[in-house]
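Q: Please take a close look at one part of this predicted model with me, the part that you find most worth explaining. I would like a connected walk through it, with the cut-offs stated as you go.

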Amino acid sequence: MKDILTELMDYLKGKGVSYADARYEEHEEQQIVVENDTLKSVSTSEDRGVGIRVLYEGGWGFASTNRLNKDALFKAAERALEIARESAKRSEGVELAPEDPHVDTFRSPFEKDPFEVPISEKVDLLKAATKEMMKVEGVKRAIGSMDFRRIRKVFVSTEGSQIDQLIVISGSGIVAYAADENDFQWRSYPSSFGGDYATRGWEFVLEMDLPGNARKVAEEAAALLKADEIEPGEYDIVIDGQQMALQVHESCGHPTELDRVFGYEISFAGGSFLQPDKLNKLRYGSEIVNITADATIPGGLGSFGYDDEGVKAQKSYLVKDGVFVGYLMDRQTAAKLGLRSNGAARAQNWRHIPIIRMTNINLLPGEHSLDDLIGGIDYGFLLATNKSWSIDDMRVNFQFATEIAYEIKGGKLTGKIFKNPVYYGRTTEFWNSCDGIASEEYWHVWGVPNCGKGQPQQVMYVGHGTSPARFRKVKVGVAR
């Protein structure tokens, strides 16, 4: 395939294009769901094809095909070129930031290929976890799921790049649903909305110890049925690492996407308050807040060798010592600011054109233990595990609900829990109220496999490295 795509690039250069690239992708996926100790579904899928981008006289063209013979590929290239010629008539002109050509291979790290593990072994693990959850009185439904993906990519460009990548993704999680005549509550582990994901193998799922954590998850779900609700007001709070991941995702990751800033996503995904005049000037958060985009973290769900424009994976700062200092960029938007891309262009698959996507967007760890953070609060709450979220189109005003709140009194957890907690605020005010971040011991890169963006919509897998953090005088209420 690499030889054919290289020949295709030579052909397009002969047609006078200023730039072109082609991506061949193979996708394999396996999903398993067990409910109440019973196998509900096993689904598998395979998909492969080629996407071709062409830049001609300042206009983009894109075409794709799942017919992989030489004639079909050249016809797709002609379609992309035809679209680019038409686009050029209406385009204001596109420039790309420079990028050196790369000839390389990349393989995500894993110890055991999850596709080589028998389905029966995976089902037995999920059955053990759901069976344990169903032993708890009040739990009416227990679900365990697994999701595995294997992605092979071959990228070539008219600039001379030839890149071959293999990325393996593993994810799993459990959730217990409890109900009585008056209420309905749930608890998730290790994270909500399908669990946790990483570019790792079967060993990642085993490390979660789903059966060993099942009883606690179920007991908390049942206990929430009889729990009180928080009296609305302003409180000092600690937010756990899993919820911090979504907080970073919504209020730090999305607003730093440069295509949003330029209005390219305004009709669907929204815009951003982080206009270029704020770069290197805006006090985004307190001095301990450092946010990075880092696609080089081993095992991170947003990790890879090269993005879908052939830009090498890298680490860059978005917020440094509390100051807004950088964007997520592709080659086109980076050129508008006279910068180089930091490797944030990715497509869901071969059918889609690359757009700016998060990689691993991380809140760097601080110096505190979790006990330190809790110990600094006279009265407040530890909020854990996302339940729902809302944030405005410009990424300023937000509201997050969590599955549970643990009461803090006199610098200690009291053992009392509260249901339906919600906290809300404004992005920069919230991050400036951060006065403590837990250390690297508590830091974990959480995987988010369902970030949506673009028209037509593309779903991308991203990561967020976070540890628990403390915030002062945050508005907390009740979600119903």
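A: Strands here are DSSP runs of E with at least two residues, helices are runs of H or I with at least four, and both are numbered from the N terminus. The model is predicted, with local features needing pLDDT of at least 70, side-chain atom pairs counting only at pLDDT 80 or more, and totals for chains, interfaces and linings using all residues. Residues are numbered from 1 along each chain as its sequence is written, and side-chain values use heavy atoms, leaving out hydrogens and water.

Let's make strand 1 our part, and then follow some local features elsewhere. Strand 1 covers residues 19-35, and 12 of its 17 residues are buried (under 20% relative accessible area with a 1.4 Å probe, protein chains only; exposed is over 50%, partly exposed in between), so the strand is largely enclosed by the rest of the structure. Two strands pair if DSSP finds at least two bridges between them, and strand 1 has two such partners to look at. With strand 2 it runs antiparallel, joined by 17 bridges. One of the pairs puts isoleucine 32 across from valine 42 of strand 2. The hairpin of these strands leaves 2 residues between them, and asparagine 36 in this hairpin has a positive phi near 50°. Strand 5 (residues 139-157) is also antiparallel to strand 1, over 15 bridges; there, histidine 27 faces isoleucine 151.

If you follow strand 2 (38-56) onward, you come to the loop before strand 3 (59-65), which holds glutamate 57. Glutamate 57 has a phi near 50°, positive in a residue other than glycine, and it is exposed at 61% relative accessible area. Lysine 473 offers a similar entry for your backbone checks: its phi is about 50°, positive although it is not a glycine. Lysine 473 lies in strand 24 (residues 469-478), rather than in a loop, and it too is exposed, at 64%.

Two cis peptide bonds are worth finding on your screen. One joins tyrosine 189 to proline 190, with omega about -5°, and proline 190 sits in the loop between strand 7 and strand 8. The other runs from glutamine 455 to proline 456, with omega near -5°; proline 456 belongs to the loop between strand 22 (444-453) and strand 23 (458-466).

The loop between strand 7 (184-189) and strand 8 (196-198) also holds serine 192. Serine 192 is buried, at 5% relative accessible area. Beyond its neighbours within four places in sequence, serine 192 is in contact (heavy atoms within 4.5 Å) with Gln242, Thr385, Asn386 and Glu403.

Last, the cysteines. The structure has 0 disulfides (pairs of cysteine sulfur atoms within 2.5 Å). For cysteine 252, the closest cysteine sulfur belongs to cysteine 434 and is 10 Å away, which is too far for a bond. Cysteine 252 is buried, with 1% relative accessible area. Cysteine 451 is likewise in no disulfide: its nearest cysteine sulfur, that of cysteine 252, is 14 Å away. Cysteine 451 counts as buried at 4% relative accessibility.
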